[in-house]
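Here are my notes on the model you sent. They are set out as numbered points, to be read with the structure open.

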Amino acid sequence: MTPDEILQGLYDRTLVGNGPGVLELTHEALGMEMEPQVLLFDALIPALEEVGARFERGDFFVPEMLIAGKAMAGSMEVLRPLLADTGVQTVGTFLMGTVKGDVHDIGKNLVNIMLEGAGFEVIDLGVQVAPEKFVAAIEEHQPDVVGFSAFLTTTMPMFKANMNALEKAGIRDDVIVMVGGAPVTQEYADAVGADGYAADASATVKKAKTLLKDRRARAGAAVPV
Ligand code: B12
């Protein structure tokens, strides 16, 4: 098979949720020394985008979305160590979770992989994370950044609920808050009072690093000389 045939095959098999087929092609691609990023960005993600478009048109239903998501997740498990293994030193701690009421985790997991690859220590709270759980985990782990992921317009308001919980616990200013997920925009992030938003995993890494650098610079400047 040529690399193009592999990418097309990965796309087609993800689209129809053929998990074993996706895994087989993932291994075959890696055996041919194709880059893991290429598999991700040129086949797996576009396939899930098409799944979403078909769901919107009414051509696909929840079971189809589910098996396509699972097929991609299986491949990501194989790609994860390759994407994350860049040997960079720890730059900070990132606490991540999908908000209460939301079970979408593929986007979040992809962000986690990229953050790990860029040297962040990632603590993943999983899905359906209630505000109290975020608060408890921030108090326990004292992360530099906390990330809220939401994929539904109906669960995005949990960002504000989480921010309120942080305020109430008196820890809002202890962490940088980032938000993201398919329906989220910069405007929405600003409206809920988050410190940062990013549309995809690599933008998240860049933004988290910039926010962290700014905060450390400000903390340094605040120290009396
Ligand atoms: C797979 C999928 C599912 C799977 C989820 C499996 C899983 N384990 O995640 C299942 C079948 C469970 C599911 C269920 C539902 N889903 Co769904 N799902 C999808 C689908 C097809 C793909 C989502 C995905 O994983 N994309 C791939 C990743 C890589 O997406 P991404 O956005 O590019 O991710 C990047 C950014 O968002 C960002 N990011 C993500 N998180 C974070 C966090 C931070 C802090 C930052 C900075 C950045 C960031 O970085 C990511 C990586 O680059 C989307 C369609 C779509 N186009 O998004 C619908 C979609 C999200 N689902 C939708 C719906 C309606 C539902 C259901 C309500 C359906 C139903 N009637 O039951 C349920 C809700 C269940 C629940 N309570 O959560 C709608 C949402 C519409 C809306 N505007 O609210 C969508 C958009 C489909 C559509 N076009 O209508 N779904």
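1. Is asparagine 109 buried or exposed? This is a predicted model, so the answer is a computed one. The relative accessibility of asparagine 109 comes out at 17%. The cut-off for buried is under 20%. Asparagine 109 therefore counts as buried.

2. Where does asparagine 109 sit, and what does it touch? The residue belongs to helix α5. Leaving aside residues up to four places away in sequence, asparagine 109 is in contact with Met76, Arg80 and Asp124. Its side chain also makes a polar contact with the side chain of lysine 108, at 2.7 Å. Met76 appears again in point 5, as one of the α4 residues that meet α3.

3. Next, the metal. Which protein atom is a donor to the cobalt atom of the ligand? It is NE2 of His104, at 2.3 Å. His104 is the only protein donor. Histidine 104 is placed in a loop, with β1 (92–98) on one side and α5 (106–117) on the other. Asparagine 109 lies in α5, the helix that bounds this loop.

4. Now the α3 and α4 pair. Helix α3 covers residues 36–57 and helix α4 covers residues 62–84. Their axes are 11 Å apart, and the packing angle is about 165 degrees. Angles over 145 degrees count as roughly antiparallel, so α3 is roughly antiparallel to α4. The crossing of α3 past α4 is left-handed.

5. The contacts between these two helices deserve a look. From α3 come Pro36, Gln37, Leu39, Leu40, Leu44, Ile45, Leu48, Val51 and Phe55. On the α4 side, the residues they meet include Val62, Met65, Ala68, Gly69, Met72 and Met76. Leu79, Leu82 and Leu83 are also among them.

6. Turn to helix α6, residues 131–141. Pro131, Phe134, Val135, Ala137 and Ile138 are buried there. What do the buried residues of α6 pack against? The partners are β1, β3 (145–149) and α7 (158–168). Strand β1 also borders the loop that holds histidine 104. After α6 comes glutamine 142, with a positive phi near 45 degrees.

7. Last, α6 against α7. The two axes come within 9 Å and cross at roughly 45 degrees. The two helices are therefore oblique to each other. Here α6 passes α7 in a right-handed crossing. Pro131, Phe134, Val135 and Ile138 of α6 meet Met158, Ala161, Asn162, Ala165 and Leu166 of α7.

Notes: Residues numbered from 1 in each chain as written. Predicted model: local features only at pLDDT ≥ 70, side-chain atom pairs only at ≥ 80, totals over all residues. Heavy atoms only, no water. Donors = N, O, S within 2.8 Å, 3.2 Å for Na, K, Ca; no water. Helix = DSSP H or I, 4+ residues; strand = E, 2+ residues; numbered from the N terminus. Buried < 20%, exposed > 50% of the residue type's maximum accessible area, 1.4 Å probe, protein only. Polar contact = N/O pair within 3.5 Å; in protein donor to acceptor, adjacent residues only side chain to side chain. Contact = heavy atoms within 4.5 Å. Axes fitted to C-alpha atoms, helices over the stretch in contact; angles between N-to-C directions. Parallel < 35°, antiparallel > 145°, perpendicular 65-115°, else oblique. Left-handed = near helix turned anticlockwise from the far one by under 90°.
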